[in-house]
Amino acid sequence: MEKVQSPAEMTSQEVWITHVFNADPQTVFRAWTDPNQLAQWYAPDGCTITFKKADIRKGGHYHSCIHHPVHGDCWCKGTYLEMEAPRKLVFTAEVTDAQGNDIDPVTAGMPADWPAKTTVTLEFKPLGTQTEMILHQTVAASLAKATGAFPSWIEMFNRLNQQL
């Protein structure tokens with residue numbers, strides 16, 4: 001169950017996705033912050049994820065790789081900027097190599113206008129026995145849709161909902 005960008009959100013030109021999960025905010029927040037749970041669903045359909053590092057706390061860092069059977073590995077690292085359980089989670093997503101070195105997105109096979117670093121903000125709100133989660137990522141929505149990043153978020157949210 002997604003709501004894809006309202007007109008006001010579309011004018012921001014960045015990614016906004018609202019998704020409803022069939023669990024309370026504490027359960028959904030835990031799925032985002034427990035490394036074992038995160039490794040079970042945080043990859044698009046047909047892909048898997050490996051975490052070299054997952055220090056999920058405010059100021060903590062992660063380094064991960066999404067393994068795609070056709071397109072290969074996609075390395076990413078980031079920092080957890082805010083963590084207000086079970087209401088809000090903010091982290092960065094930065095393009096890296098396997099050693100965690102920052103690299104140009106083009107070197108990683110991404111478009112030249114893909115930002116080397118984006119910020120992802122998640123807000124969790126109770127909705128009866130469910131949770132409404134609003135995702136905001138600081139990347140152009142049109143670019144995220146063209147690269148497959150946007151539909152990948154939705155695939156991951158559907159995977160998470162199946163596990164809750």
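A polar contact, as I use the term here, is a pair of N or O atoms within 3.5 Å, one able to donate a hydrogen and the other to accept it.

**Entry 1: the start of H2.** With that in hand, I looked at where helix H2 begins. A side-chain oxygen of aspartate 24 comes to within 3.0 Å of the backbone nitrogen of glutamine 26. I then went along H2, residues 25-33, and noted its buried members: Pro25, Val28, Phe29, Ala31, Trp32 and Thr33. A reminder to myself: an α-helix has 3.6 residues a turn, so residues three or four places apart point the same way.

**Entry 2: how far to trust it.** This is a predicted model, and I wanted the confidence before going on. The average pLDDT of the protein is 92, and 93% of the residues score at least 70. Happily, H2 is where confidence is highest, at a mean of 98, while helix H1 (residues 7-11) has the lowest, at 51.

**Entry 3: the cavity.** Next I asked where space is enclosed. I found 1 cavity of 30 Å³ or more, and its volume is about 50 Å³. Trp32, already on my list of buried residues in H2, is part of its lining, together with Leu38, Tyr42, Phe51, Tyr62, Ser64, Tyr80 and Phe91. By class, this lining comes to 7 nonpolar residues, 1 polar and no charged.

**Entry 4: threonine 92.** Which strand holds threonine 92? I placed threonine 92 in strand S6. Is threonine 92 buried or exposed? Its relative accessible area is 2%, under the 20% cut-off, so I count threonine 92 as buried. The side chain of threonine 92 has a partner: it reaches the backbone nitrogen of threonine 79 at 2.9 Å. Leaving aside residues up to four places away in sequence, threonine 92 touches Tyr62, Lys77, Gly78, Thr79, Leu81, Lys117, Thr118 and Thr119. Tyr62 in that set is a name I had already written down for the cavity lining.

**Entry 5: the largest pocket.** Last, I turned to the open space. The largest pocket has a volume of about 940 Å³. I counted 36 residues in the lining of this pocket, with Ile66, Cys74, Met110, Ala149 and Ser152 lying nearest its centre. Strands S4 (61-68), S5 (72-84) and S6 (88-95) and helix H5 (149-163) are the elements that each give two or more residues to the lining. Which element gives the most to this lining? I found that H5 does, with 6 residues. The lining of the pocket divides into 22 nonpolar, 10 polar and 4 charged residues.

Key:
Residues numbered from 1 in each chain as written. Predicted model: local features only at pLDDT ≥ 70, side-chain atom pairs only at ≥ 80, totals over all residues. Heavy atoms only, no water. 1 Å grid on protein atoms, 1.4 Å probe; cavity = no way out; pocket = protein on both sides within 12 Å on 5 of 7 lines; lining within 4 Å. Points joined across faces, edges and corners; volume = space filled by probe spheres on them. Helix = DSSP H or I, 4+ residues; strand = E, 2+ residues; numbered from the N terminus. Nonpolar A, V, L, I, M, F, W, Y, C, P; charged D, E, K, R; others polar. Buried < 20%, exposed > 50% of the residue type's maximum accessible area, 1.4 Å probe, protein only. Contact = heavy atoms within 4.5 Å. pLDDT = per-residue confidence, 0-100.
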